[in-house]
Each structure stands twice: as C-alpha cells, then as structure tokens.
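Q: I have a model open and would like to learn how to read its sheets and overall shape. Could you walk me through it?

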Amino acid sequence: MTAAQRRTESGPGDIFAPPLADWYGLVHERKSPYAETIYRRFLERLEAYTEGRLTPELRRQHALRYLAPSMHLLKSPFEFPGMAQAVDLLRAHAANPTAKIVIYGDRDADGVTSASLLTLFCREQLKIGRERLTTLVPREEDKYGITPEVGARIAAEKPALLITLDCGSSNRTELLEIQRQTGTATIIIDHHFIPPDAADYPAVEAFINPKLLPEFEFARDYCTAAITLRFVQAILYSYSREYNENVGIKTGGGEIVIRNGVVDPTADISLCTRHYTLMPAGEESDQHEKHDLAKIFEHTARENFEMRRLHNLYRKAPAAISAPEIFNAVQSVSFRKSQTILAQYIPFAAIGLVADLMPIYADNRILVREGLSVMTRQADTLPMGLAALIKKLNLTGAVAEQDLGFSVCPVINAAGRMGNAALALHALTETDPLAAAKAVFALTQINEARKEASQASLDLLNEALDARSHNAPVAVAVHANFHRGISGLIASKIAERLAKPALVLVPDGECYRGSVRAFRNENVHGLIDALAAHLIQYGGHRQAAGFSVSHENITAFVDAVFSAAPERFAAAGEETAQEAVDSFRNFNPPLEIEAASMRMPLWDELLIHAPYGVMNPHPVVAVKKAGKVEVANLGKTGAHVKIKFAAPADRNIEGVWFFHGGAAEGVAGRDNLVVSGEPQIGKFMGRTQYRLKITRVD
Ligand SMILES: [Mn+2]
C-alpha cells in the first residue's frame, strides 16, 4: 500500500468532520461546493504535510485562518525568540545620533526586498539619516553569507549595530571576527538552516530564525522578508502605551495573561495593569471594573469587514476563535496609525514569500493576500521604486499572485543573478520618482540579459550533462561556459526538463561553484549535507542549495552524488512515502464543470480562497460538454491561441492557451472536448477579464 492510498483510507474523512466542516458554512453563507472542495483539500494537504502530527488546536488555528484570512489574526511578532532584543537594539541605536548602522542583505529577491524594506523603514519612520545608515548587498564575486571578504567590508564601515538579512545563521566565526574588530552589536534575521548543535549558533545579541520555533508553529515557514516585516511591526508596537504591559483576561475556562500579544503562562494575573473578561454568552460578568472583551469585539465588528466575519463566526461557534486571538485582533484594529504605516511595506514580504516558494498557508497566505491588495488598491501609497516597477510591468490596478511569480520576482532576482544586486536595492529604495523609473528601467534591461544568458546556458546542456544522469534519479551538468550567476536557474530548468533533481557546477577560479534544485520537493539539501566532506562550503533550503567544491575533489564529489542519490531519491516510477507526501502538497485534481455553467459568479467562487501557491495550489477545472469551439491566433506568431466556446453561459469567459506547442491544431470543429485549465480573473490589456488559462484539451 502506498502512502497516498493510506491517506485516502484513513485521514481526510476524519479531518473534514465537525467542527471544521461546519465552520465553512458559518463563514461563507453562500454555499459553493467548489469552494468547499478547495477548503477540504487544503485541510487534507495540511494533514499530509504535517504527517498527521497536528494537534486539534493547531488544526483549528489553520482552519480559521484559511476561512477568514486577516491581518488581525497574525500571531504576535514577539512570538519569535530574539524579537524583543532586536526591537530594543534597533531603537537604542536609532536614538543615538553617533551610532552607525549597517544592514547586509542577501542577493536574491528575498534578501533584497528585506534589505529595501528595513532601509526605507529606518530612513522614513525611525528618521535615521543616510550618513549613518549603510545598506550593503553582495558583489558579483561574493559567495553566499558573511564570508571573510564581506566581513572585512562590513567592519570597514565601523558599525555600532549590524543587521544581517537572509544570511548569517551559519556564520558564527565570521560574525565574531567583525565583533572583535568593531565591537558591533548584531541582529540576525534569517530563515536558512541553523547549525544542528546550539553551541555553533552565532554568538549575537539577537538571533531571529523561524527554525528556532517549535515544529509546526505557524511562522516556521516564514521567509526573511516576512520576518523583517514583522520586525518592523514589532517596532511600531513598541511605541504604543501597551508595550510590555501585562494584560489579564478572565474567560469561562480560566485566566490568562498576555504581554506584547504573547500568552505568558507563568505570569501572575493579580499584577496585571489592565483586566478584561470574556464570558460565554449568557454568563454575565459581575466584575464591573473589568473591560468586557465580547462587547469590544462586537463594537469593532461594526466598522470592520474582517472583524465582522470573525465576530459572526464567534457568535455561532465560539470555539472557532480563542480569547488571545480575540484580544490581539481587537487591539490591532485600534492601532490604526501603525497599520497604515505598515501597509506600504507589506508588498515586500509578499514578494519575498513568493520568490522563495514558501508555502502559502497560515501567516504567509495572509501576508501575500494583503500585499497583493495593497499593490492593487493602494498603489499610490507604495514606496516609489515598487510603484515604478509595477507600472513598468503593466500591473497597475491589478496584481495577482501569478504576477509576482512570473513577472515581479524574476526581475528583482535578475539583478543579483547577473552580479548587480545593488541595482535592485537601488531601484527599490529610490525615493525620487524620476530616478526610480530610471533604475527600474535598468532592472528590466538586466532581466532581458538574464533571459539571454539562461537560454545560452541551456543550449550547452547536451555537452554539459554527465551521461550517468540519464539512468540515475539525479542529473549533474558541468560546464565552464554556464553563466555562473544563474546556476540555480539552470539547475531548475534541467530539473524540470529531466523530471529529477539537478546539480549544476561551474568552475570559478580556485573552485567549482554549484547549485542544486529539487524537481518536486526532494530534500536536496540533505543530499549535499551527507556529502559535506567533499565540499568547501554549502548552505540552503530543503529544495534549493548552493555549494562549492575544490578542483581536486570534483570527480569524487560527482561520483558520490550518483552513488548516494538512489537511496535518497527513488528511481522514476517508485514513490517513496516522503515523495507521496511532497507531491500531495501540490496535488490538485481538476474540478469538473460543464461549459454551460461557466459564469462569472462561478469564477468568483473558485478564486475565493486565493492567493494560491505552494500548499494551496491554484484550482484547475475540466470543462466538459464544451461542444465545438472556435480557435483563433492570439498575436502574430500562432504560439498562443484564443478559444471561444460555442455556447458558454457567459460570453465574457474566454479560453487562452499560451505556448500550446501545436496541440491547439485540430481542436476546432472537434466534438466531445474536455478543456482543462486555471480559472483566472485579472486585468488583461487594461480591462477586467474572466478567463480560462488552458493547459490541455482532451
Ligand atoms: Mn530567503
């Protein structure tokens, strides 16, 4: 029996039972079997991803946030170990007019957006002058992380405070050297792997990494830009009267103490400065000196749509939302000014999350959703560079998750890959509109150069591919003319083309530099970790990692990859339990609909649980009874076509098939077609369109 079979036989039926099943109808009053199926699939996928080890409490938290995503439900940023120390450090240095601050961000989209976000916040909100705030990103020749060369450059700035973004977790030695030379305090904000032994953790004043949180905690899957946003939110919170205040809440079930949004099980409720009661309906509170949280909740629900949805759910199913969640939500609504300040920075977190392919669930989904909303509806409040980028990419007024993935992130990533990460940083932090537009233009030019370079590299694949790759569960390609900066991108393309994890190696002076990418969700970091003895340096994530190998070790390393791969990645056709779980993350059978039901309200229902992405894949529909269709070329080349259904219920919904590769020929005039694809709503050529993005016709 495969893992996939076991799953369908036991798990999902149990998960989608009351109360989680009931909440669906309570939040979404208009019944939609399709939207309900998408919710149910999310719960099943989550169960597979967490290997059935979720507690009922965590399951409740996930279901609630899936059905009613809201910034008001984000957990407190102070849940992160190191957050309070980081807040105090940055505030103290911001207040000291002679203290020099250095921000060092990694070169990819997550690193650069993190650095841009924090730089703009320090300048605009903390009023730290440019003369004492320096933001650095890697130069072309820099390897990943705080290398000795990067360390020397940072030390030369003589910082009193250093903040490393998207790197630093495995740089204990190099960071100690900077501290020895300059006496700087250090904050690390990063989500890369942490050393297995706590004795090897960097010796810094504040170390924020979600890998330090308990397994399955919400924020475990944050990227750096998302943590940086929460850092900024924590700083804004620290200016409120409520900072460091102990608040007591008496509920039907007992008493809790909350400080900075975090429940403190050890605190003494009698020492709290503010007191609330939250009693079940019917049980009136007799303590009049206490604030009635239920009443405040009801009050905020009157003027805020998301709070109204939460309050409705609470009225009908009080167990769906906890007392700390209610308290934090109510409090966040009252911080209107800091919410407004924060909003302009949320798109940076959304870009980092999508660029790093983080799972779009829990807090991540809330942040991407909110980031897209800000980019779409409040574009005039965006930082100048981001606004210029959206304009240049023709996304003004409608930014969807696929726009981030296919258009915004690649452009930001291109700069770092082509050896000029500073250009992306410059474009995103520029505050003069004209200069921002110029920098954004340069950024799109560098993206064009990146496209050419990756095509040129892929053209070398036949020469570069190690012959063993054909029969092994892994591919290895080595070539001196591969473009060094985009080895990760080349590895992704090879993985896609050969349907297996791929390693790419490029000679670079005294060593080879390599990138490895998973095809699905294979643990490629685990592979190179097991072969660490052959490597000079390595690091990364489960699905993507980088490394370097000396010239004398290269042959032995590649041999070792081919001998280690079979037991780590099953040969094609055999599915390991882990891979079954991994594929389930994005497992998404089409929802069957009939052509006659293709109406705009159906599209709205199908997209109600957006944003979609990893862990919450975009729904796919199979349109049956499509009848005879009309096919017309879209554009001049014939590479893309437009498909008109003979009698769709709604003439506005049209099919578009990009890069059909000839498959669209012969479709016109045929009967009994099943047309599959993604329902989309977006602004195309300046007007709102409901369309089907076709992926296949049977
Ligand atoms: Mn990252």
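A: Gladly! Keep in mind that this is a predicted model. Let's start with one sheet: its five strands follow the order E8-E7-E6-E9-E10, the sheet is open, and the pairing is mixed.

Q: Which strands stand at the edges of that sheet?

A: Look for strands with a single partner. Here these are E8 (262–263) and E10 (291–292), so each has one side left without a neighbour in the sheet.

Q: In what sense do E7 and E8 pair, and over how many bridges?

A: Strand E7, residues 254–259, runs antiparallel to E8, and two bridges link the pair. For a residue-level view, find Ile258: its opposite number in E8 is Val263.

Q: Which strands does helix H13 lie across?

A: Helix H13 (residues 323–334) lies across E6 (246–251), E7, E8 and E9 (274–278). Relative to E7, the helix runs at about 40 degrees.

Q: Stepping back, how many helices and strands does the protein chain have?

A: The chain has 26 helices and 22 strands. Its radius of gyration is 26 Å, close to the 26 Å from the globule rule for 698 residues, so the chain is as compact as a globular protein of that length. Along the principal axes, its C-alpha atoms fill a box of roughly 75 × 70 × 55 Å.

Q: And what share of the residues count as buried?

A: Of the 698 residues, 46% do, where buried means 20 or more other C-beta atoms within 10 Å of a residue's own. As for contacts between residues at least 6 apart in sequence, 67% join residues at least 24 apart.

Key
Residues are numbered from 1 along each chain as its sequence is written. This is a predicted model: local features need pLDDT of at least 70, side-chain atom pairs count only at pLDDT 80 or more; totals for chains, interfaces and linings use all residues. Helices (H or I, at least four residues) and strands (E, at least two) are DSSP runs, numbered from the N terminus. The radius of gyration is taken over C-alpha atoms; the globule rule is 2.2 Å times the number of residues to the power 0.38. A residue is buried if 20 or more other C-beta atoms lie within 10 Å of its own, exposed if 12 or fewer, and partly exposed in between; C-beta atoms are placed from the backbone. Two residues are in contact if their C-beta atoms, placed from the backbone, lie within 7 Å. Two strands pair if DSSP finds at least two bridges between them. Axes are lines fitted to C-alpha atoms, for helices over the stretch in contact, and angles run from 0 to 180 degrees between N-to-C directions.
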